[in-house]
Amino acid sequence: MTDKAAEQVAKRLKQARIEKGLTQAALAKKAGMHTNSYAKIERSERKPTFETLKKLAKALGLTATDIVGF
């Protein structure tokens, strides 16, 4: 994943999280990950693996494709 793609994913995750009324901590918990790890993804400091994207998408009621934007 390129830096630009990671930034787009981060924006989509944040937007979806806010639309669902979730905090970073709540989404991270639903996805089974540490809050700091999720926060780094949302700030584009860490690139998520496809498995992580799938977990986050499921926690948001979306698909990984919805988040990646293909």
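Helices, in the sense used here, are DSSP runs of at least four residues, numbered from the N terminus. In this predicted model, the secondary structure of the protein comprises 5 helices and 0 strands, and the order of elements along the sequence reads α-α-α-α-α. The radius of gyration of the protein is 10 Å, close to the 11 Å that the globule rule gives for 70 residues, and the protein is therefore as compact as a globular protein of that length. Along the principal axes, the C-alpha trace of the protein extends over about 25 × 20 × 20 Å.

With regard to the interior and the contacts, 37% of the 70 residues in the protein are buried. Among the contacts with a separation of 6 or more, 54% are formed by residues 24 or more positions apart. The area that the protein exposes amounts to about 4400 Å², of which carbon and sulfur atoms supply 51%. The protein carries 15 positive and 7 negative charges, and the mean positions of these two groups lie 5 Å apart.

A single residue, Gln 15, may serve to illustrate the arrangement. Gln 15 is located in helix H1, which covers residues 3-19. The relative accessible area of Gln 15 is 48%, and because the class of partly exposed residues lies between the limits of 20% and 50%, Gln 15 is assigned to the partly exposed residues. Although Gln 15 and Ile 67 are 52 residues apart along the chain, their C-alpha atoms are separated by 10.0 Å in the model.

Conventions. Residues are numbered from 1 along each chain as its sequence is written. This is a predicted model: local features need pLDDT of at least 70, side-chain atom pairs count only at pLDDT 80 or more; totals for chains, interfaces and linings use all residues. Side-chain values use heavy atoms; hydrogens and water are left out. Helices (H or I, at least four residues) and strands (E, at least two) are DSSP runs, numbered from the N terminus. The radius of gyration is taken over C-alpha atoms; the globule rule is 2.2 Å times the number of residues to the power 0.38. Buried means under 20% relative accessible area, exposed over 50%, partly exposed in between (1.4 Å probe, protein chains only). Contact means heavy atoms within 4.5 Å. Accessible areas come from the Shrake-Rupley method with a 1.4 Å probe; for residues, only the protein chains shown count as cover. Lys and Arg count as positive and Asp and Glu as negative; His and the chain ends are not counted. The place of a charge is taken as NZ of Lys, CZ of Arg, CG of Asp or CD of Glu.
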